[in-house]
Number of protein chains: 4
Amino acid sequence: MTQNTKAFDHWIRTDFVAINTQLETLYFEHHSDRAQVEGIGDDLKQQLLNDGRTLLASLLAEGNTDEGFDAGFDLLGNIGFYMAACRRHELTEPSRETKSPLVEASALALQVGASIGMIPRFSTAHLTTHNQAINGRAKSFTHLPDEAIFNEFNTRSILAYQEASTALIKVVDVGISSPVAIDLLHTAGVALKKVFDSNQQLNDQLDVDRFFYSVRPYYKSHRVGNNIYRGANAGDFAGINIIDLLLGLCRADESYYSQLLVDKMLYMMPDDQAALRNAMRLPNLLDALLSSPDGNWKAAAATALLKVCRAHGATAEQHHNLLVERFIRVPSQQLAAQHHQNLTASGPPLPVLLAALEKLRDLRCASPRHDIVTAAAKMDQVKELLR
Amino acid sequence: MTQNTKAFDHWIRTDFVAINTQLETLYFEHHSDRAQVEGIGDDLKQQLLNDGRTLLASLLAEGNTDEGFDAGFDLLGNIGFYMAACRRHELTEPSRETKSPLVEASALALQVGASIGMIPRFSTAHLTTHNQAINGRAKSFTHLPDEAIFNEFNTRSILAYQEASTALIKVVDVGISSPVAIDLLHTAGVALKKVFDSNQQLNDQLDVDRFFYSVRPYYKSHRVGNNIYRGANAGDFAGINIIDLLLGLCRADESYYSQLLVDKMLYMMPDDQAALRNAMRLPNLLDALLSSPDGNWKAAAATALLKVCRAHGATAEQHHNLLVERFIRVPSQQLAAQHHQNLTASGPPLPVLLAALEKLRDLRCASPRHDIVTAAAKMDQVKELLR
Amino acid sequence: MTQNTKAFDHWIRTDFVAINTQLETLYFEHHSDRAQVEGIGDDLKQQLLNDGRTLLASLLAEGNTDEGFDAGFDLLGNIGFYMAACRRHELTEPSRETKSPLVEASALALQVGASIGMIPRFSTAHLTTHNQAINGRAKSFTHLPDEAIFNEFNTRSILAYQEASTALIKVVDVGISSPVAIDLLHTAGVALKKVFDSNQQLNDQLDVDRFFYSVRPYYKSHRVGNNIYRGANAGDFAGINIIDLLLGLCRADESYYSQLLVDKMLYMMPDDQAALRNAMRLPNLLDALLSSPDGNWKAAAATALLKVCRAHGATAEQHHNLLVERFIRVPSQQLAAQHHQNLTASGPPLPVLLAALEKLRDLRCASPRHDIVTAAAKMDQVKELLR
Amino acid sequence: MTQNTKAFDHWIRTDFVAINTQLETLYFEHHSDRAQVEGIGDDLKQQLLNDGRTLLASLLAEGNTDEGFDAGFDLLGNIGFYMAACRRHELTEPSRETKSPLVEASALALQVGASIGMIPRFSTAHLTTHNQAINGRAKSFTHLPDEAIFNEFNTRSILAYQEASTALIKVVDVGISSPVAIDLLHTAGVALKKVFDSNQQLNDQLDVDRFFYSVRPYYKSHRVGNNIYRGANAGDFAGINIIDLLLGLCRADESYYSQLLVDKMLYMMPDDQAALRNAMRLPNLLDALLSSPDGNWKAAAATALLKVCRAHGATAEQHHNLLVERFIRVPSQQLAAQHHQNLTASGPPLPVLLAALEKLRDLRCASPRHDIVTAAAKMDQVKELLR
Ligand code: HEM
Ligand code: HEM
């Protein structure tokens, strides 16, 4: 790390967090309308804007100091934290501008993003699986315990999904009829149970209002250079889609789902991009099971595969029916009318988003639907094997 | 290649070309308004639409038949040719739809694009450097000689730019003060001269109207799935930008230029993406020369570097002042008013595009400008060395 | 798969196994000297030799049919199975030849090996993690249950080591002081316990004589083309070394250990090679823990790390003191004198090999030694933290 | 670069060169037997040994300071220069030791080599295409002009071979029947002519005795850790073999040639390894031409391809009949008997080496031979096309 990179990282881990925390406290105290940002804490906002700009200007002046992927990724995260906070405090607002007013930040973010092969903003991995703690503290926007809770349980769920996807890829390597496939499917199932438990704990510990008013706003869409980039979300990692594909619950040649993969590709780390690409070309286990000739091994494999599918479906249902419902849909209804546009500014309108998530839930649960093809029929065939 | 892939490739190389050629003839005969598409050759259009759809449906039914990058890239090109022709004949039109009506084509294109790491449409490489000829015939939309001329000379220019960029990367590997650097700079200069000559021949042989009315329309923006993807252009390869960067004429941490790199990244082949990313982290030769202590080698290196910069500037000037001017700006002015929107539907409005290309030209020529920083001052320092 | 590749694969999965099994039965019945191969079952041996050669000649004639890494890897395994069986039955013998008499097999193996970046013989992954079962049967040399037991439990142990190494890499990504590090260390510990249990089951179920006389001989060194390649062994995967390195028990800049890494590099799959290379540049967790300032998190992290180190040490001790001892050292002592050379022909002399494995065990157990530096002293420092 | 890396690099570029030069002067003055090393300049040798060791010990103590591939590659070169000089001055000698006495150097070289995926010694690229000059001076062992001449013209030839191979790969991308194939074949031919001219200049300018007695000895085989690694030679780059393969003159599934590819693989840079692997799976142009249906394009393509083949053959003939003959075979004959073993210690005995090089020449010239299959017959078919 160069001196300038270090100074910026130090700021992001100290003053930056302090300022955001103070601002969140002010907003949240404003009981009549907690979503109100304008006109509150203007000095703090200016300090944030200017301190960041000064540090970034030094970095930019220093020029290219190539130190490998890890350093680039880390720097991109720090720039991204700054840009996301500016957007959260409405120092920038994509619908009001045609180009980010954060000129230095945009220039650096575009360069670093392009050079490491990711979108030019912070991504989920910066907050979770690649959020490097120093002496016990991970990076964060604020000191609010709710943010820490959100990030920690997100991380645990992502890691557990990755454990499951890693195991399933290894099943493909040995074939569904291999004696060790059963062990691997068991490993995948255990990992998905971990996801479920972690999500449940997140639900139990996270305060709805604090999340909705003080954490979520840092994940809004914003511009970098000319373009708007949607916010990071906890789903921006390959593992869950690899599970979808390898279990045969979702199909890469189905237009809705492949669109989704395309849209999230550059929000993932390069290794994750490669892993997802690889999984797109692999045969799925469901079809492999159903198309195999009968044999002694088959009932056990079917049972094991079914169990993994159910565990995956259960996390999807929990995500949609519990987490999205409680932490997004319900509080959104209570939002003062003037902020609605702002809410939807972070992507598609809420009803559209919810319908899309529902579709995904039903695919993962292999629930029968009239409008799209799910794996419901194939699941029935598997159950048939177990008669 | 599977049977279905082969059948589709055969169609793209035969009937598809024949239909497009017939349609172009009809449009072009319509002297009063050659840009008029609606209501002309409707049977041919329907045949194109349906024949393609049938072939694609078989392909989609066949499912995933992973045969490596080359096969995927090739297939994507074929799907892309079909989608681009549909758009050219206004069977689809992005401003009129919210999602491509070519459902099967979109599904396959999204899958294949995502799995090889490129945008889900045909790209320049499909037309030029990776356009696999069979028995003397490269792929094309039409049998028009003008299309062949355009593609062939584009290919020659791209290949020559790549020769130059390859040589410059090798200069970085040995250092600007190495005795072999001079040879490599010479190689780069010779290659850029080839670009100039090829562009000149293109200018001499290409018919303005035929290009404008019968070739260019195949390169319009269109939707794949939900999103609009801009058309391919002869610039979608890494070489020219690697030259820009290594010569120190453009900077990856300058916001306008890095935006441009980001925007074109996924239009390039994965190897090209990697090469461009690599070049973004390399030191540039201009700064390397200027910051070196004096030595015997320096005057010769400065002379050689200057020569390459001038050769590069010359091709940029020629592209803008000759090719863009003659083949785009002038004929656009004569376009009937009702097609103007259609023209700009393929990207930003023409004046905006022209201003952007002008900026690029001035950067490459190291011309002094008031609004942006070019390498003009540094070039003067180099000339100083030669006093 | 081409027709010829399929035919060869079919043969390897059927007749080839049958012939080897018959030969093993003959050898094993020869109670006075089970290591005697010469003069037994000569017809069967010739059939094996010739049938394989014929199939390979067709493959070679067919020429290059590039179908991606997976196909190449699989083909290499099949050729390797054939060559290893020829060597086991002493149809070839490296000390008697200067170049493999299996000309076609060598030619193909060298080509495929070079083109996928691995040594030109079958490797451990072909027998274990990438041994694709068809209808319940993995590939094997014989139908002997002991071979199946050996491969299955090897696979389980390898997979569990990989689980542990994957978790440790993720600890590096978040830092040892991260709240989720504890979870990941726990995952690693659980995985290492799986290794221990799997090894124990292997010990319980594997017959010493059958392993020693009928399975192990297929893993001997042999020539491919001009060079001798040592046999595959269950350690030819990156996971265990990644654990060694990340726990700080072994060091990549220590000459004995880096030699070991170099020697096994090309016996691993390309992804594993890359993973190991990556781990060589990562900081280790032991040093990271010891060099961090004090904090609330530290005692818990120290406890968790210590637990993982102990679990890793336990598997190393078990491998050396139980498995190597019972299945190699003891039976070797009983081997008729005339086969001793043959035994050692498969690599370094046994005592040298055993001493090397002992060193490795002591490094992994962080046992104090006089001749080499182990992590014993650092482990004491960690324990100090827990007072 | 860390302080220690910089200090070592500085030493390699200054004192190290000075000491070697002094030693070469002493050896060369010893007219009666210029190959005599023992007993000459012992103080200088000890200084070299010790100064290097001290610098390397600091480096080793500093520990892992991952700074990306380029830094690792560069460091490996510097360690390799030191080890090669020690071997040249017979401070180490592989046949007298079982393990390199340069313990620190070996440890570091093994680590760095393994971590970047190359053999743990300096390789040709360190001397030529990636020999980074500082202020006009490339790295070298001595200040002798002959060494500079040798390296510079080697570099030029390698670069020109690479130009040719790059062009041929692009021919494969467009197909031999593409209109631009002719241009690319022309480019390849021009590049091969450059090789010929550069080799000729090398022959004209290089002093036989100086090369034989004062330059060549630095390229001898030596141990790193336990293993002996053969010396670098000007052929350790992928380009020439890619040309062999794509022209159809050599075949990757022919055992002699694939053995050669395997043996040199890790002596090349990772990018070169990947390029060679890729070329191994590509169809060759000769077969592509001969198997195409007739067409207008065919005579021109045949003429162009033939020309490239001839140009390639010409450089091979020149290498063998001129360079190897004059600079190796003839002077070897005059070598005092006691050094003969030493000569062959650097690899296979001279006659074996010469026979191998002759074979290679004949393959490249497509000369008919009785013992091996060359492309002679196919070349005749091509000529037939031109009747
Ligand atoms: C009739 C001939 C040509 C015309 C009318 C033409 C026109 C254009 C236009 C209008 C653009 C802007 C596209 C956009 O951003 O939407 C463009 C971009 C570009 N063209 Fe051309 N072009 C021609 C031939 C060539 C040739 C032969 C090359 C050489 C490879 C070339 C290289 C480029 C490059 C590199 C760009 C990207 C912008 C840049 O980096 O300069 N063009 N061209
Ligand atoms: C004084 C000049 C040269 C001499 C005496 C010479 C000698 C040799 C020798 C003896 C070998 C065999 C090395 C071994 O296998 O141990 C060899 C290999 C090789 N040399 Fe040279 N060489 C010279 C210059 C060059 C140049 C300028 C090139 C051009 C790049 C070149 C390219 C090669 C190649 C490619 C090989 C590997 C075998 C092959 O593919 O032909 N050499 N050379």
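B:His319 sits in helix α14 of chain B, a helix that covers residues 298-333. In this predicted model, B:His319 is also the single protein donor to the iron atom of ligand 1, through its NE2 atom at 2.1 Å. A polar side-chain atom of B:His319 lies 2.8 Å from a nitrogen atom of ligand 1 as well.

**The surroundings of ligand 1**

Let us walk around this ligand. Which residues come closest to ligand 1? They are B:Asn154, B:Asn199, B:Gly235, B:His319 and B:Arg364, out of 23 residues that surround the ligand. B:Arg364 makes its own polar approach, with a polar side-chain atom 2.6 Å from an oxygen atom of ligand 1. Several helices of chain B build the shell: α7 (145-174), α8 (179-205), α14 and α16 (350-364) each supply at least two of its residues. Sorted by class, the shell around ligand 1 holds 16 nonpolar, six polar and one charged residues.

**The surroundings of ligand 2**

Now to chain D, where D:His319 is found in helix α14. The iron atom of ligand 2 has D:His319 as its single donor from the protein, with NE2 2.0 Å away. A polar side-chain atom of D:His319 is 2.8 Å from a nitrogen atom of ligand 2. On the oxygen side, an N or O atom in the side chain of D:Arg364 lies 2.7 Å from an oxygen atom of ligand 2.

The shell around ligand 2 counts 23 residues, and the closest are D:Asn154, D:Gly235, D:His319, D:Leu360 and D:Arg364. Which helices of chain D each supply at least two residues of this shell? They are α7 (145-174), α8 (179-205), α14 (298-333) and α16 (350-365). The make-up by class is 16 nonpolar, six polar and one charged residues.

Here are the distances around the two ligands, set out for easy reading.

| Residue | Partner | Distance |
|---|---|---|
| B:His319 (NE2) | iron atom of ligand 1 | 2.1 Å |
| D:His319 (NE2) | iron atom of ligand 2 | 2.0 Å |
| B:His319 | nitrogen atom of ligand 1 | 2.8 Å |
| D:His319 | nitrogen atom of ligand 2 | 2.8 Å |
| B:Arg364 | oxygen atom of ligand 1 | 2.6 Å |
| D:Arg364 | oxygen atom of ligand 2 | 2.7 Å |

**Where chain C meets chain A**

From the ligands we can move on to the interfaces. The size of an interface is often given as the accessible area lost when the parts come together. Between chain C and chain A, the buried area is about 2,600 Å², with 48% of it given by carbon and sulfur atoms. The contact involves 34 residues of chain C and 34 residues of chain A.

How many salt bridges are counted between chain C and chain A? The count is four. One pairs the side chains of C:Asp70 and A:Arg281, at 3.1 Å from N to O. Across this interface there are also 18 residue pairs in polar contact, with both residues at pLDDT 80 or more. On the side of chain C that touches chain A, α7 (145-174) and α8 (179-205) of chain C each supply at least two residues. The largest share, 10 residues, comes from α7(C). By class, this side of chain C has 10 nonpolar, 14 polar and 10 charged residues.

**Where chain A meets chain B**

Chain A and chain B bury about 2,500 Å² between them, and carbon and sulfur atoms give 53% of that area. Each chain brings 29 residues to the contact. Between chain A and chain B the count of salt bridges is zero, while six residue pairs are in polar contact, both residues being at pLDDT 80 or more. The elements of chain A that give two or more residues to this side are α5 (103-116), β2 (227-229), α11 (255-264) and α12 (270-281). Of these, α5(A) gives the most, with six residues. The side of chain A that touches chain B has 13 nonpolar, 11 polar and five charged residues.

**Chain pairs without contact**

Two pairings have no contact. Chain B and chain C are not joined by any contact, and their closest C-alpha atoms lie 6 Å apart. Chain A and chain D likewise have no contact, with their closest C-alpha atoms 6 Å apart.

**A salt bridge within a helix**

Over all chains, the count comes to 104 salt bridges. In chain A, the side chains of A:Asp42 and A:Lys45 meet in a salt bridge at 3.7 Å, N to O. A:Asp42 and A:Lys45 are separated by about one helical turn, because they are three residues apart in helix α3 (residues 42-62) of chain A.

Terms used
Residues are numbered from 1 along each chain as its sequence is written. Chains are lettered from A and ligands numbered from 1 in the order in which they are written. This is a predicted model: local features need pLDDT of at least 70, side-chain atom pairs count only at pLDDT 80 or more; totals for chains, interfaces and linings use all residues. Side-chain values use heavy atoms; hydrogens and water are left out. Contact means heavy atoms within 4.5 Å. Buried area is the accessible area (1.4 Å probe) that two parts lose on being put together, summed over both. A polar contact is a pair of N or O atoms within 3.5 Å; within protein, one must be able to donate a hydrogen and the other to accept it, and residues adjacent in sequence count only if both atoms are side-chain atoms. Helices (H or I, at least four residues) and strands (E, at least two) are DSSP runs, numbered from the N terminus. Ala, Val, Leu, Ile, Met, Phe, Trp, Tyr, Cys and Pro count as nonpolar, Asp, Glu, Lys and Arg as charged, and the others, Gly among them, as polar. A residue is near a molecule or strand if one of its heavy atoms lies within 4 Å of it. Donors are N, O and S atoms within 2.8 Å of the metal (3.2 Å for Na, K and Ca); water is not among the atoms, so sites may look incomplete.
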